[in-house]
Amino acid sequence: MSGGETTFRVSELGEAIRLVLGEAFPAVWVVGEVQRLRASRNGHVYFELVEKGQGDEIVGKIDGVIWRTDFQRVRRLLSETGQELRDGVDLRCRGRVEFYPAGGRLQLIAREVDPVFTLGLLARRRQETLAALAAAGLLERNKGLALSLLPLRLGLVTSHDSAAYHDFLATLGESGYCFQVLLVHAAVQGREAERQVVSALRAVARLGVDCAVVIRGGGSRSDLAAFDSRAIAEAIAGLPVPVLTGLGHEIDQSVADLVAHTALKTPTMVGQFLVRRVEAAERRLAEAAEALCAGARERLREAREGVGGAEQGVRSAGVRLRREGERVEEMAGLLSRLATQRLRRVAAELAAGERRLAAAVPRLLARQQRAHRRVAERVVASGRLRLREAIGRCDGLARLCRELAPQRVLERGFSITRTAGGALLRTPRGVVAGERIVTELAAGRLTSRVEER
């Protein structure tokens with residue numbers, strides 16, 4: 001002791017912390033994301049449980065461990081619900097908090113997990129993703145693209161050398177059709193699956209394929225979680241070619257399945273679907289070829305029959321042609337005689353018409369001249385009447401102008417007064433005392449000076 005304060009050895013302080021934490025947190029539920037998961041040779045499982053804030057920034061972290069005997073039970077419980085413990089899983093676990101003085105390490109000893117919590121979180125995220133895709137109009141976009149009748153050039157997104165890859169190629173190879181498969185490798189589970197699948201889909205879009213195929217083998221619900229990703233769904237929806245999925249699950253559909261043009265259960269079923277589509281196109285082509293050949297044969301038969309009939313017709317036509325030629329000659333002679341008679345009759349009618357026209361022209365001219373003279377006389381008479389009326393109005397206006405002339409007004413005793421400058425005076429205010437004014441009378445002018453006003 002120094003100065004009345006207790007001094008701990010490091011081991012003593014560590015032991016005190018261990019006891020306090022043991023009493024404070026004998027059993028506690030903790031939620032976080034599993035990271036850096038690793039199993040030891042003796043069967044224990046170590047991991048970090050982290051909490052992320054905005055932008056995936058880690059705002060909290062604690063080391064965790066599940067002892068071998070507890071892990072066997074935890075793994076069995078997760079397996080029953082189609083899950084597994086892996087990196088990236090949001091986990092709710094129950095355990096105690098311990099501090100190890102010798103290593104200065106704080107650790108969560110997990111003994112139980114809540115599989116319902118993880119399933120509920122995955123379901124909620126799935127629903128949020130589907131709602132966002134629907135709001136953006138992406139759920140039906142890829143389905144609206146037309147799938148080629150002969151989808152032979154395929155862009156394949158999967159893990160190279162996987163069972164899914166080999167099953168798919170085997171199905172196509174057994175068909176005997178010349179499929180061309182362009183593989184773009186991508187991890188289809190784990191932390192890198194989302195990024196790599198999105199990148200692979202973008203690469204496929206540049207390959208000029210008839211359609212894209214995304215496949216993987218079967219697995220747990222956790223294995224397939226990447227295909228509930230919004231990023232993968234948006235990449236599928238944005239592809240300019242139809243996307244076929246075969247993600248190896250028999251019950252549930254992933255978000256990727258719901259966005260894709262066609263969703264099938266397994267890679268093999270995708271291959272069978274494509275083979276059947278090419279077979280159907282081949283059948284339609286064969287049927288069209290057969291129908292074309294049958295039509296051609298029928299037309300050829302009809303043409304042969306027509307040629308045979310035509311030969312007989314040509315022979316009989318020669319006889320008819322000779323007969324018709326004789327009739328044409330007879331008709332030509334008759335027509336010539338009739339035309340000559342008709343021409344003579346028309347010439348006589350024209351001559352008679354000319355004579356009648358020559359006799360009628362003088363009478364028509366005389367009648368028109370008389371009509372013109374009558375019109376001219378009416379126009380002259382009307383003009384003279386209008387002229388007399390205009391002269392009368394002009395005389396009346398002249399008399400009115402003479403009566404209203406200023407000189408006539410002055411003769412009646414009125415006068416006009418102006419200033420020396422010639423301005424017309426209407427009121428006394430127009431001049432001042434001593435100013436000269438000029439008064440105009442009927443017989444002359446007077447000049448005067450204003451004395452007062």
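Is Leu13 buried, exposed or partly exposed, and at what relative accessibility? In this predicted model, Leu13 counts as partly exposed because its relative accessibility is 42%, which lies between the 20% under which a residue is buried and the 50% over which a residue is exposed. Leu13 is found in helix α1, which comprises residues 10–24, and together with Phe8 and Ile17 this residue forms a nonpolar patch on the surface, the three having about 270 Å² of accessible area together. The helix that carries Leu13 lies across two strands, β4 (90–100) and β5 (105–113), and runs at about 140° to β4.

The two strands crossed by helix α1 belong to a closed barrel of 5 strands, which runs in the order β1-β2-β3-β5-β4 and has mixed pairing. From one strand of this barrel to the next, the twist averages 55°. Within the barrel, strand β1 (residues 28–39) and strand β2 (residues 45–52) pair in the antiparallel sense over 5 bridges, and in this pairing Arg38 stands opposite Tyr46 in β2.

Strand β5 of the barrel also contains Val113, a residue that counts as buried because its relative accessible area is 8%, under the limit of 20%. When neighbours within four places in sequence are left aside, the residues in contact with Val113 are Trp29, Val74, Leu77, Leu78, Leu91, Arg92 and Cys93. One of these contacts, Leu78, is 35 residues away from Val113 along the chain, and the C-alpha atoms of Val113 and Leu78 are separated by 8.4 Å.

A second arrangement of strands is an open sheet, in which 5 strands follow the order β7-β6-β8-β9-β10 with parallel pairing. The edges of this sheet are formed by β7 (180–185) and β10 (262–264), each of which pairs on one side only. Neighbouring strands of the sheet are turned against each other by 20° on average, when direction is ignored. Helix α4 (residues 163–175) packs on the sheet, where this helix touches β6 (153–158), β7 and β8, and the direction of α4 makes about 160° with that of β6. Within the sheet, strand β8 (residues 211–215) is joined to strand β9 (residues 243–246) in the parallel sense over 4 bridges, and the bridge partner of Val214 in β9 is Thr245.

Charged side chains form a further set of contacts, for which the count comes to 13 salt bridges. Among them is the salt bridge in which the side chains of Arg96 and Glu98 meet, at 2.3 Å from N to O; Arg96 counts as partly exposed, at 31% relative accessibility. Another salt bridge is formed between Arg195 and Glu192, with the closest N and O atoms 2.6 Å apart. In this pair, Arg195 is exposed because its relative accessible area of 52% is over the limit of 50%, whereas Glu192 is partly exposed, with a relative accessible area of 38%. Arg297 likewise forms a salt bridge with Glu290, the closest N and O atoms being 3.4 Å apart, and Glu290 counts as partly exposed at 47% relative accessibility. In addition, Asp70, Arg73 and Arg111 are joined into one network by salt bridges that share partners.

Further along the chain, Thr419 has its place in strand β11 (residues 416–419). Thr419 is buried because its relative accessible area is 12%, under the limit of 20%. Apart from neighbours within four places in sequence, Thr419 is in contact with Leu425, Gly430, Val431, Glu435 and Arg436.

Arg436, one of the residues in contact with Thr419, falls within the range of strand β12 (residues 436–440), which runs antiparallel to β13 and is joined to that strand by 5 bridges. The connection between β12 and β13 is a hairpin through 4 residues, and across the pair Thr439 stands opposite Leu446 in β13. Strand β13 (residues 445–449) is itself hardly covered, since the count of buried residues among its 5 residues is 0, buried meaning under 20% relative accessible area.

Notes
Residues are numbered from 1 along each chain as its sequence is written. This is a predicted model: local features need pLDDT of at least 70, side-chain atom pairs count only at pLDDT 80 or more; totals for chains, interfaces and linings use all residues. Side-chain values use heavy atoms; hydrogens and water are left out. Patches are made of residues with over 30% relative accessible area and no salt bridge: like charges are joined within 9 Å, nonpolar side chains (Val, Leu, Ile, Met, Phe, Trp, Tyr) within 5 Å. Accessible areas come from the Shrake-Rupley method with a 1.4 Å probe; for residues, only the protein chains shown count as cover. A salt bridge is a side-chain nitrogen of Lys or Arg within 4 Å of a carboxyl oxygen of Asp or Glu. Buried means under 20% relative accessible area, exposed over 50%, partly exposed in between (1.4 Å probe, protein chains only). Two strands pair if DSSP finds at least two bridges between them. Axes are lines fitted to C-alpha atoms, for helices over the stretch in contact, and angles run from 0 to 180 degrees between N-to-C directions. Contact means heavy atoms within 4.5 Å.
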